[in-house]
Amino acid sequence: MNGLSKLQSYGLAAISCGIALPVAWPIDAPASCFLLAVMVSSLFGGLGPGLLSVALSAIGYEHFFLWRTAPPAHEPAAFFRFAAFLVATLLVTGLMDLKRRAEQSRTHAEEALRQANSDLARVSRVTTMGELTASLAHEVNQPIAAAVTDANTCMRWLTREAPDLEEAREAALRTIKDVTRAAEIISRVRQIFKKGTPERELVDVNEIIREMVVLLRGETTRYSIAVRTDLLANLPDAMGDRLQLQQVLMNLIVNSVDAMRDMEGTRELTIRSQQTEDGQLMVSVSDTGVGLPPQADQIFNPFFTTKPQGTGMGLRISRSIVESHGGRICAATNSPRGATFHLTLPAKHEQ
């Protein structure tokens, strides 16, 4: 609607009236044809081109049609029709301009809402990752410490009176492997923090699950939580935004960890991937924690939280992300304790 330049908009008004005149002449229907020209000019050009179209239509109507009879008639009805035509064109111009402005406002509001949702989701990621700083430091420190050990071992093999090159080579390869692992962990964390527009691509859901398990391993180890994965082999890919789906799984896993951290007895986190009967992907995150609160129907509502320091936005954002991917998310209580969150996404089958 707002893709035309100002010059093009006024040119459209002139062209519309120019087309309306020869069309109206043989059928003697100036009001209908010029009114249509005014509507087109107002809708695509705005108020200014609309008023120009009204003026050109009035001139054309008056000059070519008002005195069309021979000899020219001076009937009051002709002047009344001309006046009604002017009122109608002005009214249509005003209504079309209001409609155009309303559509522009709605477009801007929708864009602002999408940007706000994106910013809020990023804030949620930053908040969650901030809570896991110690876990991430531990996770990165492990491969770095192993790399240092392997490097020292390599040096010892090389500084012997008879250097053992084979052992040194193996130690060097282990060093490369450990440093690469640390770099991959840092890269994943940077990706989660990255700000940008959502990008849809084919996503391996099982791979995302494995990445989140590795990324949050320090947190689960700290609270003696056993993590079990049951992932369906040859699971179809999903079409979606990788970062957003990572955030959803991270939120669900972190919530399960929080639900079990102060529990006595078995602490077990189970993550499953499977395919439903109708061909969709389903990921289930199950724990043996405190279970769902009494207000279970409100857990996806904005600002509802049972955590003392919680924001109440994690699950709400997760549901918004999943629904934007054409999926759904729900929760159920486990027996004898704990809860399970089911995440369902459309599968993208190979053609």
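This briefing covers strand pairing, an aromatic contact, salt bridges, cysteines and a surface patch. The model is predicted. Strand β5 (residues 281-286) is largely enclosed by the rest of the structure, because six of its six residues are buried. A search of the whole structure finds ten salt bridges, one aromatic pair and zero disulfides.

**Strand β5 and its partners**

- In a regular strand the side chains alternate between the two faces of the sheet.
- On one side of β5 lie Leu281, Val283 and Val285, on the other Met282, Ser284 and Ser286; all are buried, and both faces of the strand are thus covered.
- Strand β4 (residues 268-275) runs antiparallel to β5 and is joined to it by six bridges.
- Within this pairing, leucine 281 of β5 has glutamine 275 standing opposite.
- The hairpin of β4 and β5 has five residues between the strands, and glycine 279 takes a positive phi near 90° there.
- Strand β7 (residues 339-345) is also antiparallel to β5, with six bridges joining the two.
- Valine 285 has phenylalanine 341 of β7 as its bridge partner.

**Aromatic pair**

- Phenylalanine 300 and phenylalanine 341 have ring centres 6.3 Å apart and planes at 80°, so the pair counts as edge-to-face.
- The pair ties together parts that are 41 residues apart in sequence, because phenylalanine 300 lies in the loop between β5 and α10 (314-324) while phenylalanine 341 belongs to strand β7.
- Phenylalanine 300 is buried, at 7% relative accessibility.
- Phenylalanine 341 is buried as well, at 7% relative accessibility.

**Salt bridges**

- Side chains of opposite charge can pair when their charged atoms come close.
- In the salt bridge of aspartate 97 with arginine 101, the closest N and O atoms are 2.8 Å apart.
- These two residues are separated by about one helical turn, because they are four residues apart in helix α4 (residues 76-131).
- Aspartate 97 has a relative accessible area of 8% and is therefore buried, whereas arginine 101, at 47%, is partly exposed.
- Arginine 272 and aspartate 230 also meet through their side chains in a salt bridge, at 3.7 Å from N to O.
- This pair links distant parts of the chain, with arginine 272 in strand β4 and aspartate 230 in strand β2 (residues 226-231), 42 residues apart.
- Both partners count as partly exposed: arginine 272 has a relative accessible area of 31%, and aspartate 230 is at 39% relative accessibility.
- Aspartate 258 and arginine 261 form another salt bridge, with 3.0 Å between the closest N and O atoms.
- Arginine 261 is partly exposed, at 30% relative accessibility.
- Glu166, Arg169 and Glu170 are joined into one network by salt bridges that share partners.

**Cysteines**

- The structure holds zero disulfides.
- Cysteine 33 is buried at 13% relative accessibility, and cysteine 330 is partly exposed at 38%.

**Nonpolar surface patch**

- A nonpolar patch on the surface is formed by Ile15, Ile19, Val23 and Ile27, which together have about 380 Å² of accessible area.
- Isoleucine 27 of this patch is found in helix α1 (residues 6-27).
- Because its relative accessible area is 54%, and over 50% counts as exposed, isoleucine 27 is exposed.

Methods. Residues numbered from 1 in each chain as written. Predicted model: local features only at pLDDT ≥ 70, side-chain atom pairs only at ≥ 80, totals over all residues. Heavy atoms only, no water. Disulfide = S-S within 2.5 Å. Buried < 20%, exposed > 50% of the residue type's maximum accessible area, 1.4 Å probe, protein only. Patch = residues over 30% accessible without salt bridge, like charges linked within 9 Å, V, L, I, M, F, W, Y side chains within 5 Å. Areas by Shrake-Rupley, 256 points an atom, 1.4 Å probe, with all protein chains shown as cover. Salt bridge = Lys/Arg side-chain N within 4 Å of Asp/Glu carboxyl O. Pairing = 2+ DSSP bridges. Phe/Tyr/Trp six-rings, centres within 6.5 Å; stacked < 30°, edge-to-face > 60°.
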